[in-house]
Amino acid sequence: MSIITATDTIAKSQYSHYNNKVAISRATSEPAFVRRLLISIVLLFLGVFLIVPLLAVFTEALRHGFATYFAAISDANALAAMKLTLIAALIAVPLNVVFGVSAAWAIAKFEFKGKSILITLIDLPFAVSPVIAGLIYILIFGMQGWFGSYLFDHDIKIIFAIPGIVLATIFVTFPFVARELIPLMQAQGKDEEEAGLVLGASGWQILWRITYPNIKWGLLYGVILTNARAMGEFGAVSAVSGHIIGMTNTLPLHVEILYADHQLAAAFAVASLLALLAIVTLILKTFIEWRVAQNAIHNESI
Amino acid sequence: MKKSLLAIALLSIAFGAAAPTLASAKDITLLNVSYDPTRELYQDFNAAFSKYWLTKTGDKVTVKASHGGSGKQARAIVDGLDADVATLALAYDVDQLYDKAKLIPKDWQKRLAHNSSPYTSTIVLLVRKGNPKGIKDWDDLTKPGVSVITPNPKTSGGARWNYLAAWAYAQKKNGGDEVKTKEFIAKLFKNVPVLDTGARGSTTTFVERGIGDVLIAWENEAFLAQKELGQKDGGKSKYEIVVPSVSILAEPPVTVVDKYAKKHGTEAVAKAYLDYLYTEEGQEIAAKNYYRPTLASVAKKYEAQFPKINLVKIDDDFGGWQVAQKKHFSDGGTFDQIYQK
C-alpha cells in the first residue's frame with residue numbers, strides 16, 4: 001500500500017509539468033518507433049502469409065498466358081467440377097438457412113431443457129476434423145457400414161456420388177448460419193414478437209414482418225460464409241468423393257488432381273477461381289458489416 | 001402378288017425386329033478405379049478402347065477414371081466405390097476386395113494371363129542431372145548426406161515395391177542375414193525426409209518441389225519424369241535414371257469387380273476392356289507409357305526402351321503378397337520396426 005502511494009507521488013511530481021492531453025496520449029500510446037515497428041511487423045506478416053500466396057496463385061495461373069488459363073477453366077472436367085461445386089452449394093446453403101434460422105429461433109426465443117446440448121451439437125462440426133466428418137458418412141452409408149447392403153440392394157447411391165458430397169458439405173457448413181444468428185437474436189430479445197402476438201399477428205406474419213427484417217443482414221452474412229465454405233471444402237468431400245474424374249470431383253478436388261497430374265498452370269488457374277470466390281466473399285462481407293453498422297447508427301438516431 | 005405381299009410382311013417383320021437392335025446402340029459407362037501413376041496410361045487406353053468398342057458393337061463406352069494410392073483405392077472400392085474394373089498396384093490390394101467384401105472370387109488372379117497383370121514394371125532410381133551424389137546402386141542410398149524420396153509403404157503400392165526391391169538387394173548382399181538386411185533398410189529410411197501417401201505425390205515432391213537427391217520410383221514414373229517433365233522447360237532432361245543391380249518385378253494386376261459390374265450389367269464390356277489390355281494395341285499403349293509389355297511381339301519391339309535388370313519375383317523370393325504384407329507392412333512388421341527406431 002505504502003509502495004503504491006510512493007510511486008504515485010513520484011509519478012505525479014515527475015510528469016506534473018506536462019499538460020493533461022499529453023499525459024493521456026503518453027499513457028495510451030507507445031513511442032513512434034515502437035508503433036511503426038509493430039505496424040510494419042503486422043504488414044510484413046500480412047504480406048508474407050496472405051498477399052504473396054494470393055499473388056502467387058494468379059501469377060502461376062497466368063504464367064503460360066490467357067489462352068492456357070481459359071483452356072484450363074473451360075476444360076470439360078473443370079466444368080464438371082464447377083457444376084458439382086455449384087450443385088453442392090445450391091443444396092447445402094438453402095438447407096442450412098432453414099436449419100440455421102429454426103435452430104437460432106428456438107435457442108434465442110425459447111427456454112427449454114437440453115438447450116445447451118443443442119448448442120453444443122450445432123458447434124460439433126467446428127470441433128470435428130472435416131476428414132472425420134467424411135468418414136462418418138462412409139461408416140453409415142458405405143458398403144461395410146450400417147445401411148450399406150440395404151442401399152446396395154435398393155440401388156441407392158449416397159457416398160462416392162453427389163448425395164454424399166452434399167451431405168458432407170451440409171455437415172461442415174452447419175454451424176455458420178445458426179452461430180451468426182443466435183447472439184443477434186438473443187440481443188434483440190422477444191419483445192417485438194410478443195407485441196406482434198398480442199396484436200393478433202399469425203406465426204408467419206411474425207416471422208416475415210418482425211423476425212426476418214431484424215435478422216436480415218446477419219442472415220446474409222451467415223449465408224455468405226456458408227457458401228464460401230461449401231465451395232471451398234476439401235477434407236470432408238475428399239473422403240466421400242471417390243475422385244471419379246469428371247463426375248465426383250468438386251473444384252478443390254479438381255485442383256489437387258491437376259496438381260498431381262503435373263499440370264501446374266491448370267491447377268493454379270482453377271485455384272484462382274476459388275481465390276476469386278474468396279475475394280468476392282470478403283468484399284461482400286465488408287459491405288454487409290458496413291450496412292449493419294449504418295443500420296445501428298440509424299436506429300440509435302431514432 | 002400374294003407372295004410379294006408375304007415378302008413385304010416378312011421384310012417388315014425382319015426390319016421391325018432389327019430396328020430395336022439398331023436403336024439399342026447403348027451408352028455405357030465404365031468406372032476404372034486405378035492407382036496413382038496410371039493416369040496417362042489409361043487416358044490413352046480409354047480413348048482407344050472406346051473407339052474399338054464403337055466399331056465392334058456400335059455401343060458408345062465412356063470410361064471414367066479415379067486415381068489415388070493403391071491401398072486407399074482398394075479401401076474405397078470395399079466401402080462402395082462401385083468400380084467395374086480395378087487396376088491396382090499390387091495383388092494384395094486386390095485381395096482386399098475378396099477378403100473384406102467378397103466383391104470378387106478368391107481365385108480372381110487366375111482369371112487372366114500373367115497373374116492378371118497385362119503389363120509389368122520395376123523399380124528404378126531417378127537422380128538429378130549429372131548425378132551429383134554419384135548414385136550407382138542401392139548401397140549409395142544408405143550413405144550419410146544422401147536424401148532419398150519414397151512414398152509411405154502403409155498407403156502406397158509403389159512404396160511397397162520400392163521397399164521390397166531394396167530388401168531383396170540387401171538380403172543378397174548380406175547372404176540372407178536378416179538382421180543386417182534390416183539394418184540396411186533402417187539406414188536407408190533414415191535418409192528419407194518426406195513420406196508422401198502415393199507414388200505421384202513423391203514424384204511431385206522430387207520434381208516440382210526440388211526436394212531430395214534420389215527418387216525411388218516406378219520405372220514408368222521415372223521415364224515420365226525424365227522424358228516429359230524434365231524437358232518441359234527447354235531441351236535437355238534435368239533427370240537421369242540409374243538402374244540398380246537388383247530390382248523387383250512389379251506386377252500390377254487388373255480385375256473385373258464382379259459384384260458391381262453385375263449390378264451395372266457391364267460384365268461383358270468390363271471383361272472386354274481388360275482383354276483389350278492384352279491385345280497388340282493395348283500392349284503398344286502400355287509400352288508407349290513406359291510400362292513393360294507382356295505380349296512377346298510388342299515386348300521385342302520395345303526391347304531397347306527398357307533396361308535389362310536382374311529382377312526378383314514376389315512369389316519366388318517373398319512367398320507371395322499375403323506373406324510379404326504380413327511380414328513387412330502390417331502393424332508391427334519390419335517397416336514399423338525400423339521406422340520407429
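## Domain and chain contacts in a predicted two-chain model

In chain B, 22 residues of domain 1 are in contact with 22 residues of domain 2. This is a predicted model, and the contacts described here are computed from it. On the domain 1 side of this contact, helix 3 (70-78) and helix 4 (91-99) of chain B are the elements that give two or more residues. Helix 4 of chain B gives the most to that side, with 4 residues.

Both domains of chain B are made of two stretches of sequence: domain 1 covers 6-117 + 251-302, and domain 2 covers 121-250 + 309-339. Their centres, taken over C-alpha atoms, are separated by 30 Å.

Chain B also touches chain A, with 17 residues of chain B in contact with 17 residues of chain A. Strand 2 (60-68), helix 3 and helix 8 (199-207) of chain B are the elements giving two or more residues to the chain B side. Strand 2 of chain B gives the most to that side, with 5 residues. Helix 3 of chain B is thus named on two sides: the one that domain 1 of chain B turns to domain 2 of chain B, and the one that chain B turns to chain A.

The residue classes on these two sides are listed below.

| Side | Nonpolar | Polar | Charged |
|---|---|---|---|
| Domain 1 of chain B, touching domain 2 of chain B | 10 residues | 5 residues | 7 residues |
| Chain B, touching chain A | 7 residues | 5 residues | 5 residues |

The largest nonpolar core has 159 residues, of which A:A168, A:V270, B:I77, B:V85, B:L126, B:I248 and B:V257 touch the most other members. Helix 9 (residues 162-188) of chain A gives the most to this core, with 14 residues. Leaving out residues up to four places away in sequence, B:I77 touches B:V33, B:A83, B:A86, B:L97, B:L103 and B:V257.

Helix 6 of chain A is hardly covered, with a count of 1 buried residue among its 13 residues. In this helix a kink of about 25° lies at A:L121, shortly before the proline A:P125. Helix 6 (residues 115-127) of chain A should span 18 Å, because its 13 residues are taken at 1.5 Å a residue, and its end C-alpha atoms are 18 Å apart, which agrees.

Technical notes
Residues are numbered from 1 along each chain as its sequence is written. Chains are lettered from A and ligands numbered from 1 in the order in which they are written. This is a predicted model: local features need pLDDT of at least 70, side-chain atom pairs count only at pLDDT 80 or more; totals for chains, interfaces and linings use all residues. The expected span of a helix is 1.5 Å times one less than its number of residues. The bend at a residue is the angle between axes fitted to the seven residues ending there and the seven starting there. A residue is buried if 20 or more other C-beta atoms lie within 10 Å of its own, exposed if 12 or fewer, and partly exposed in between; C-beta atoms are placed from the backbone. A nonpolar core is a set of buried Ala, Val, Leu, Ile, Met, Phe, Trp, Tyr and Cys residues joined through C-beta atoms within 7 Å. Two residues are in contact if their C-beta atoms, placed from the backbone, lie within 7 Å. Domain bounds come from an automatic or database domain assignment. Ala, Val, Leu, Ile, Met, Phe, Trp, Tyr, Cys and Pro count as nonpolar, Asp, Glu, Lys and Arg as charged, and the others, Gly among them, as polar.
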